[in-house]
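Here are some exercises to try with the model open on your screen. Have a go at each task before you read the worked solution.

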There are 2 protein chains.
Amino acid sequence: MTERIFNFSAGPATLPVPVLEKAKEEMLSFNGTGMSVMEVSHRSKHFAPVIEGATEGLREAMNIPDGYQILFLQGGATLQFSMVPMNFLGDGGKADYIVTGAWGVKALKEAKRRGDPNVIFSTEDEGFRSVPSQHDLRFSDDAKYVHYTSNETIEGVEFKYDLEAGGIPVVCDASSNILSRPIDVSKYSLIYAGAQKNIGPSGVTLAVICDEMLEKVPENQYTLLDYKVIAAKGSMLNTPNTWGIYLIDLVCKWLKDHGGVEEMEKRNVAKAQFLYDAIDSSDGFYKGHADPSARSLMNVTFNLPNEDLEKRFADEAAAVGLDGLKGHRSVGGIRASIYNAFPVEGVRALVDFMGDFAERNG
Amino acid sequence: MTERIFNFSAGPATLPVPVLEKAKEEMLSFNGTGMSVMEVSHRSKHFAPVIEGATEGLREAMNIPDGYQILFLQGGATLQFSMVPMNFLGDGGKADYIVTGAWGVKALKEAKRRGDPNVIFSTEDEGFRSVPSQHDLRFSDDAKYVHYTSNETIEGVEFKYDLEAGGIPVVCDASSNILSRPIDVSKYSLIYAGAQKNIGPSGVTLAVICDEMLEKVPENQYTLLDYKVIAAKGSMLNTPNTWGIYLIDLVCKWLKDHGGVEEMEKRNVAKAQFLYDAIDSSDGFYKGHADPSARSLMNVTFNLPNEDLEKRFADEAAAVGLDGLKGHRSVGGIRASIYNAFPVEGVRALVDFMGDFAERNG
């Protein structure tokens, strides 16, 4: 077998090795059934413990209270950008949007197709380097909900707190920092996340939604775009992504074996600190993109003195087994994504490489 | 390793063993990258040959002409039931629907949320046992498209021909017989299929759509529900189900190695004939559901003298390694799904079991 490398990809991203090993071991016969988990009916007794395991695993990991449903959807966060206004905005309805990066911009665009979203805070003019504090925010009285992106994957800026909106339902795209640290789910009406960063492979979207929010879904929605119908069917309205849900079950078990989100937070803080320290102690050779107060624990974004050096940095790093460091094509620079499953050894290797590269090119 | 069993599940369904073995072998390091295919970025050079392989593999297997786009979507056929009217029906628009089973009913229901579909042929009153012949059909002059289900998975009835609608665009849900035999793609404007029968695992939907149809997509659709935008982005508007596309690539290679859809058709005819012969020669102990002229090659549906015997049949069969034979919960009876990857040995084993069971209980 080829040796594993360090994969800094922003998503799809590194999965825990024990999860991959278990999936490998069971590929031709899952749980002694004589079938792959991909081959069994989603309605069979074989699959029931898988979706139950994933559901209960997430409930425990996120400490999700009663009165919230856990849904496994498809289409990524991008389809949620549309489903949220389709289900909750109403024709021409109002909602408050906080825009702190490229994904927030995309979510806003879809809401405009349905209603009249109001941008109550945007950091676009300053290049998406910060997030508002709670007391910076003023919500609209007639907002059906407030929407924000808790971690902007491309720019690497992250909210450090659970946003509160004075009774207006809070809807959060948590795709790239879900499960990275404890949050208070009771403060949210809907949390959604593409699985492909901290939860599992691409092709599954997690939605955690409170019962009060489900009651607001209007009649006569397209069936597969209706949170209430999907919740009533236990995410089994039609065939879900069974392989993806199986991986989520395995990731939840791995997470529990490794101390849950509390332990992940400690590790994630330590990993990110290593990298931000390397940036800050480089005498300006490396420049962090985000304001220090908004620095993401998951996506560490920085620039080098020029684009040529950035390209060389990413190429040379890849050549020594540090893959996926090129920044998103829309913003350039360098991005090191270090989700839960990314090992601290990989961060150390990158820090060493950064020091060496700066010395050779500084 | 546990021995493999014979899995008659209707979908998710049996996958080719060499495909599973390859996926197993590469689980921790795909194509020598040191990463699982689930871990690499969908926009990376690592993944590019995978989606190209799946696309070109399908183009070759289905003999898809120029002027057609091959899309990898999410949400299953069920989301297509909504996307088709959203994109092509228009407010209150007309379309012709042919309803020959439970999936056709569901597709019709979603179209009614958008426009005014016209059921030009339904076999519901006779319990979905047949399909119309081409000369039974009269299309509406003002139909934006005609929609039909080429194989109804639950009832086991199948169209044996490529439907023609005199210039009206033909939209076909081919979820459960795609790739089972050659078809003339040029007669269709849009063919869609959930992958989990003949193409790959659940969580990917294939759409094959002609350029003229894409030109009909109106402006201001929700982005991820817009065929034209998704086609323009090469199915990479957002993160696709990368694992699913990888499996599709492997299935296409397996298909090619085994003679393509021409060879599959021969095998499928032979497999189905074995089973229908066993039914027809049972002196009425087994009764086929579908009219002989509409019998599906993929889903062989039949009844026993009573429900108790049907339950015992499915339970005893499962106990000897013939799994997944219980009919769909909505219609009962027995269903043997025998897609491309289902081995003829499994069909022989079922025929033997049927003879033995009839002798013991007849």
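Two strands count as paired if DSSP finds at least two bridges between them. Keep in mind that you're looking at a predicted model.

**Exercise 1. Find the bridge partner of Lys287(A) in S12(A), then work out which strands stand at the edges of the sheet.**

Step 1. Start with the pair of strands: S11(A) and strand S12 (residues 299-303) of chain A run antiparallel and are joined by 2 bridges. That reaches the cut-off of at least two bridges for a pair.

Step 2. Now zoom in on the residue: Lys287(A) has Asn303(A) as its bridge partner in S12(A).

Step 3. Zoom out again. The open sheet in chain A is made of 3 strands, ordered S11-S12-S14, with antiparallel pairing. Strands S11 (287-288) and S14 (334-337) of chain A each have a single partner strand, so each has one side without a neighbour in the sheet, and these are the edges.

**Exercise 2. Work out how the buried residues of H10(A) are arranged around the helix axis.**

Step 1. Check the helix itself. Helix H10 (residues 344-361) of chain A has 18 residues and spans 25 Å from first to last C-alpha, close to the 26 Å expected.

Step 2. Pick out buried residues: among them are Val347(A), Leu350(A), Met354(A) and Phe357(A).

Step 3. Look down the axis of H10(A): the buried residues fit within an arc of 165°, so they line one face of the helix. Asp352(A) and Glu359(A) are exposed on the other side of H10(A).

Step 4. Ask what the buried residues of H10(A) pack against: the list includes helix H8 (260-280), helix H9 (307-319) and S14 of chain A.

**Exercise 3. Do the same for helix H1 (residues 17-25) of chain A: which residues are buried?**

Step 1. The buried ones are Val19(A), Leu20(A) and Ala23(A).

Step 2. These residues cover an arc of only 95° around the axis, which puts them on the same side of H1(A).

Step 3. Their packing partner is helix H7 (242-257) of chain A.

**Exercise 4. Decide whether Ala358(B) is buried or exposed, and find its contacts.**

Step 1. Locate Ala358(B): you'll find it in helix H10 (residues 344-361) of chain B.

Step 2. The relative accessibility of Ala358(B) is 17%, so this residue counts as buried; the cut-off is under 20%.

Step 3. Skip the neighbours within four places in sequence, and Ala358(B) is in contact with Phe285(B) and Tyr286(B).

Step 4. Compare sequence and space: Leu304(B) lies 54 residues from Ala358(B) in sequence, yet their C-alpha atoms are 9.2 Å apart.

**Exercise 5. How many disulfides does the structure hold?**

Step 1. The count over all chains is 0.

Step 2. Take Cys210(A) as a case: the nearest cysteine sulfur belongs to Cys172(A), 14 Å away. A disulfide would need the two sulfur atoms within 2.5 Å.

Step 3. Cys210(A) also counts as buried, at 6% relative accessibility.

**Exercise 6. What turn lays chain A on chain B?**

Step 1. A turn of 180° with a shift of 0.0 Å along the axis does it, with an RMSD of 0.0 Å. That's the relation of a two-fold axis.

Step 2. Find the residue of chain A closest to this axis: Lys24(A), whose C-alpha is 2.5 Å away.

Step 3. Check the interface: 100% of the interface residues of chain A are also interface residues in chain B, so the copies meet through the same surface.

Conventions:
Residues numbered from 1 in each chain as written. Chains lettered and ligands numbered in written order. Predicted model: local features only at pLDDT ≥ 70, side-chain atom pairs only at ≥ 80, totals over all residues. Heavy atoms only, no water. Least-squares fit on C-alpha atoms with pLDDT ≥ 70 in both. Contact = heavy atoms within 4.5 Å. Helix = DSSP H or I, 4+ residues; strand = E, 2+ residues; numbered from the N terminus. Buried < 20%, exposed > 50% of the residue type's maximum accessible area, 1.4 Å probe, protein only. Arc of directions from axis to C-beta. Expected span 1.5 Å × (residues − 1).
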